[in-house]
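Student: I should like to learn how the descriptive terms applied to a protein model are justified. May we examine one together?

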Amino acid sequence: IFCADVAGLIGREREAAPSNPNMARGLLAAALVACAAVAQEVQMEIAPDVEVEQRPQFLYANISPKLRIKGKGFGKDASGVHPVFVPPLEKNGKRFYNLTVTDTVISIGLKKGMRWPTSTTGESSTLFLQSLVVDQHGSSNQLKNAVPVATIIEPPSVVRGEDKLIYMTGTNRFLINGTHFREGNMALTFDPPLVRDVDYALAVRSPTAMQLVLKTDRKWRSDGEPGPLRLRRIDSGAGALRIDPRFGGVTVAEVQVDLGGHGVTASANPTKLMYQNAPSLEIKGSGFAHVEQVDNFGPPRLRWANGLLGRGVNYTVSSYDDNKLELVLKPGSVWRRNGANLPAPLTLLAADVGSGLVAIGATEARKGIRVATI
């Protein structure tokens, strides 16, 4: 309307000034150029009927049940919404998801037993919405370009670390091993609670290893008591996953008190040869008598690499002094099972003399010492 009015005005000026037609034609051309520019701006301001937000959602390949695509103009009739994805979400020509819509959200729910498509290299992959037809707005694709709607990653896993012994404050760092760790996206929930960047710093060294570094004046167990440090939940970007909830999480380290006046040691004796069912074993060392300063604790408690249990399960501590332990094997038990694999080392990992488990052997190696060869 504006352009027509301008053209009419210029036409009247031309009739009023027939002696100068060139000026009138120039005015008309300039007016039409201006009108075209205005019309283009008006057209650009008209919003499309369908819009999709370009905010990819993180999804675990075989765990995350639903993808939510936000935008507008989707309507309320799921049968009238036709998305096409790359990689395709279909198998043998049939889609393996259920679709529901509101005017602002398209929900894509995986069918039972299906998984989101992933990269063959094990790295993250991107799911694109290549085209989208909403029948109420026409039969052609209503997207100008393909839109990334999801980043698909494999869920992380964690290796148990019951035999990883660390000191409450004396160990300044340790590794957690597992799979599919992602730099910059890891969030961990511990029991007892530890807060990232307050109690510890976290660095992902590789997809299979992340390193925790203790902050100054902090402890690996916030309650200050020796015991297991459990990882209850892990989030690598697509939500927190519970780990082994039946057991309160996975033990990633066994926290022991710092060595002090109650330090305990044991002496290696790899040349000592014993039969599987030898009736007794002597272990030499120091600090064993500290148990006498702890009410109702009993004899020293030991942790073995092969899972031997004391207190009458596999053996009993029959006597001790500050420099020696005497262990008596329970009838029917053996110091090491599976005779086909013998000879083999009998390795002592840690000892508790009343103030928490203390690692035996080289502090950094955490491999214990051989007290006999079975």
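Tutor: Certainly; please bear in mind that this model is predicted. A hairpin is formed by E7 and E8, with three residues between them.

Student: How do you know that E7 and E8 pair?

Tutor: Two strands pair if there are at least two bridges between them. Strand E7 (residues 97-101) is joined to E8 by five bridges, so the criterion is met, and the two run antiparallel. One of these bridges links asparagine 98 to its partner glycine 109 in E8.

Student: Which strand, with residues 66-72, also pairs with E8?

Tutor: That is strand E3, which pairs with E8 in the antiparallel sense over five bridges. Within this pairing, isoleucine 69 stands opposite isoleucine 106 of E8.

Student: Why is serine 107 called buried?

Tutor: Buried means under 20% relative accessible area. Serine 107 has 8% relative accessibility, and therefore counts as buried. This residue lies in strand E8 (residues 105-110). Not counting residues up to four places away in sequence, serine 107 touches Lys66, Leu67, Arg68, Asn98, Leu99 and Thr100.

Student: What makes both faces of E8 covered?

Tutor: Val105, Ser107 and Gly109 are buried on one side, and Ile106, Ile108 and Leu110 are buried on the other. Six of the six residues of E8 are buried.

Student: Why do strands E2 and E4 stand at the edges of their sheet?

Tutor: Their open sheet has four strands in the order E2-E10-E9-E4, with mixed pairing. E2 (57-60) and E4 (81-86) each have a single partner strand, so one side of each is left without a neighbour in the sheet.

How values were computed: Residues are numbered from 1 along each chain as its sequence is written. This is a predicted model: local features need pLDDT of at least 70, side-chain atom pairs count only at pLDDT 80 or more; totals for chains, interfaces and linings use all residues. Side-chain values use heavy atoms; hydrogens and water are left out. Buried means under 20% relative accessible area, exposed over 50%, partly exposed in between (1.4 Å probe, protein chains only). Contact means heavy atoms within 4.5 Å.
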